[in-house]
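These are notes for a colleague who has not looked at this entry before. Please read them with the structure open.

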There are 2 protein chains.
Amino acid sequence: MQNANNISIIGSGNVGHHLAKELSKVGVSVTHISGHNTKSDSGLANEIGAEVCEIEKLPKDQLVLICVRDEAINEVLEQLDNSIPAAYTSGSIQLNDLPERTDLGVFYPLQTFTKGRELNISQVPFFIEATNTDFSNRLMKLASEISENVNLASSTERKNMHVAAVMVNNFTNHILHEAKTYSDEHNIDFKHFLPLLNETVNKLKSDTPYDAQTGPARRGDQQTIEDHLNSLEGLSKEIYKLISDSIKRTYPKNDEL
Amino acid sequence: MQNANNISIIGSGNVGHHLAKELSKVGVSVTHISGHNTKSDSGLANEIGAEVCEIEKLPKDQLVLICVRDEAINEVLEQLDNSIPAAYTSGSIQLNDLPERTDLGVFYPLQTFTKGRELNISQVPFFIEATNTDFSNRLMKLASEISENVNLASSTERKNMHVAAVMVNNFTNHILHEAKTYSDEHNIDFKHFLPLLNETVNKLKSDTPYDAQTGPARRGDQQTIEDHLNSLEGLSKEIYKLISDSIKRTYPKNDEL
C-alpha cells in the first residue's frame, strides 16, 4: 500500500532543494533525503524536517523524486529497490534508455534553478511522462500541487523542448557574456544594459521576437555592421557576423520598417 | 534669450513619442512637434497639447530634440535654423560627422522604445554629449528631469555602447526567434519558455553571465550537443555550433561544476 502524501528526494542540488522546499510548503511530506553530499543533504533535511537516509534504505511505500545529474540517474536507479515508484527531473534522458521498472516516470520542471534564489514555482511548466497511466496521473497530481502549468510530454517532445531551452537560456546567456566582456574591455558599466535587457524580454509577452526585432542587421545597415565587426575579433567577431547574417536572411527585403 | 522650459520635438516615432510624453509629465512644455508623418505628428501633438509645425518655422528661442532615424539627422539639421540649439537621440551617429553648429548635442536613451508600451523611463540610462559645456549641462539637466541615470559619454564611448547594445537586444532577440521557430516546427508552445527566459535575465541582477552559465556546452557534454545539432539545419545549425564552441572555450576545463 502506497503512502500518497509522503515522498523521498534523492539529490540536494539546485533542483532537489527547490522541489523539496516547495512541496513541503504545500503540505506534501518530504520525509527522506538521500544523496552523495552529506553537508548539503543534511542541510536540506534540517530545513524541511526530513531525515537523511541511504538510497538502499529509503521507505518502499512512497514515491521517490530523483533530482541528480543526467549521468547519475542510471546508477541511482540500480541502487533503488525495484518496488519503489521513481521519477527523475531531467529534460534530456529518455524513459526508454533506462532499465525497466514498474513505476518509472519523468517530473521535469522547465526552469533553471539556483539554490537560495526565490522563484515563483507556480509559473514553472512541468512536463510529465511515465511507464503507465496510473503513475503519470499520480505525477501530474503532485506537480499540480505546486505549479499551475502541468503537461504530459513524450521523451521526444521533451528532447525537442531541451534544444529550444538551450537556446533560450544558455545561448542568450552566452551572448550576454559576450556583451559584458566587450563592455568590460571598453570600460562601460554592464549595469547600464539591464533596463534594455529587461525590456527586450518584456516585449515578448505581447510581441513575437520576429516582430520585436530592430537594429542594424534588421535594417540592412551594412555600414554599421562593418564598423562593429572592425571592433571585434576571434569567435566574438564570428558570432557577430553569423547572427547578423541570420537576421538579414530573416528579413530578406527589409520591407517592414 | 532662450526659453529654458520649452522644447520642440522633431519626429513622432517610438523615441519622439516616449520623450514627448515623459517630458510633458514632469512639467517640461513640449510646445511644437515637427515631422514627416502628418497623422502621427498631429496625434502626438494632440495628446500633449502641442502644435504641429514645419521644421523651418520652429521657434528659435527653445531647444529642439531630433528624434528621427540616423539617416535623416543630417537633412533635418540642414532645414533647421542655425541659431536653434539641437540634440539628437541616436546612439551611433558621431557628433563630428555632422555639420558644425553652435549648440549641437546628443541626448541618447539606451533603450528600445515601442509606441503604446509603458516603460519606466526613470531607470533608462541617458548618455549626453555636446559641442560645448554649457549645452551639455543643459542636456544633462533635461535628461535628469525624467531619468535617474544620466551620464556624459563621448561619441566613441557611445559607439562602443552600441556594439554591446546590439548584442544585448538584437542578438538575444534573434536567438529567441530561432528558439521560437524551432518550437513552432515541433509543436511546442513558446509560452512555456517565458518563465525560463525571465529567470535567465533575473539572475543577472546578482550573478555575472559567466557564473550563471549552465547547459551541455558548459558541461562539455558533447553527446547532447551532437544530438541537438542533428535536429537542426542551415544557419540555425551553424549558430548552435558556433555558440556552443564559444561557450566551451569560455570554460576550457569544465572545472567549476
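**Notes on the two chains and their contact**

1. The copies meet through the same surface, because 100% of the interface residues of chain B are also interface residues in chain A. Please keep in mind throughout that this is a predicted model.

2. The contact draws 68 residues from chain B and 68 residues from chain A. On the side of chain B that touches chain A, at least two residues each come from helix H5 (155–185), helix H6 (194–203), helix H7 (209–212), helix H8 (216–219), helix H9 (222–230) and helix H10 (234–250) of chain B. H5(B) gives the most to this side, with 22 residues. By residue class, the side of chain B that touches chain A consists of 34 nonpolar, 26 polar and eight charged residues.

3. How is chain B placed relative to chain A? A turn of 180 degrees, with a shift of 0.0 Å along the axis, lays chain B on chain A with an RMSD of 0.0 Å. The two copies are therefore related as by a two-fold rotation axis. Among the residues of chain B, Thr172(B) comes closest to the rotation axis, with its C-alpha at 2.5 Å.

4. Which residues of H6(B) are buried? They are Pro195(B), Leu196(B), Leu197(B), Glu199(B) and Thr200(B). The cover over the buried residues of H6(B) includes two elements of chain A, helix H5 (155–185) and helix H6 (194–202).

5. Turning to the single chain, chain A has 10 helices and eight strands. Its radius of gyration is 23 Å, well over the 18 Å that the globule rule gives for 257 residues, so chain A is more spread out than a compact globule. The C-alpha trace of chain A spans about 70 × 35 × 30 Å along its principal axes.

6. Of the 257 residues in chain A, 47% are buried. Among contacts in chain A with a separation of 6 or more, 52% are between residues 24 or more positions apart.

7. Chain A is divided into domain 1 (6–153) and domain 2 (159–250). The centres of domain 1 and domain 2 of chain A, taken over C-alpha atoms, are separated by 36 Å. How many residues of domain 1 of chain A are in contact with domain 2 of chain A? Six residues of domain 1 are in contact with five residues of domain 2. The side of domain 1 of chain A that touches domain 2 of chain A has three nonpolar residues, three polar and no charged.

Key:
Residues are numbered from 1 along each chain as its sequence is written. Chains are lettered from A and ligands numbered from 1 in the order in which they are written. This is a predicted model: local features need pLDDT of at least 70, side-chain atom pairs count only at pLDDT 80 or more; totals for chains, interfaces and linings use all residues. Copies are superposed by least squares on the C-alpha atoms of residues with pLDDT of at least 70 in both. Two residues are in contact if their C-beta atoms, placed from the backbone, lie within 7 Å. Helices (H or I, at least four residues) and strands (E, at least two) are DSSP runs, numbered from the N terminus. Ala, Val, Leu, Ile, Met, Phe, Trp, Tyr, Cys and Pro count as nonpolar, Asp, Glu, Lys and Arg as charged, and the others, Gly among them, as polar. The radius of gyration is taken over C-alpha atoms; the globule rule is 2.2 Å times the number of residues to the power 0.38. A residue is buried if 20 or more other C-beta atoms lie within 10 Å of its own, exposed if 12 or fewer, and partly exposed in between; C-beta atoms are placed from the backbone. Domain bounds come from an automatic or database domain assignment.
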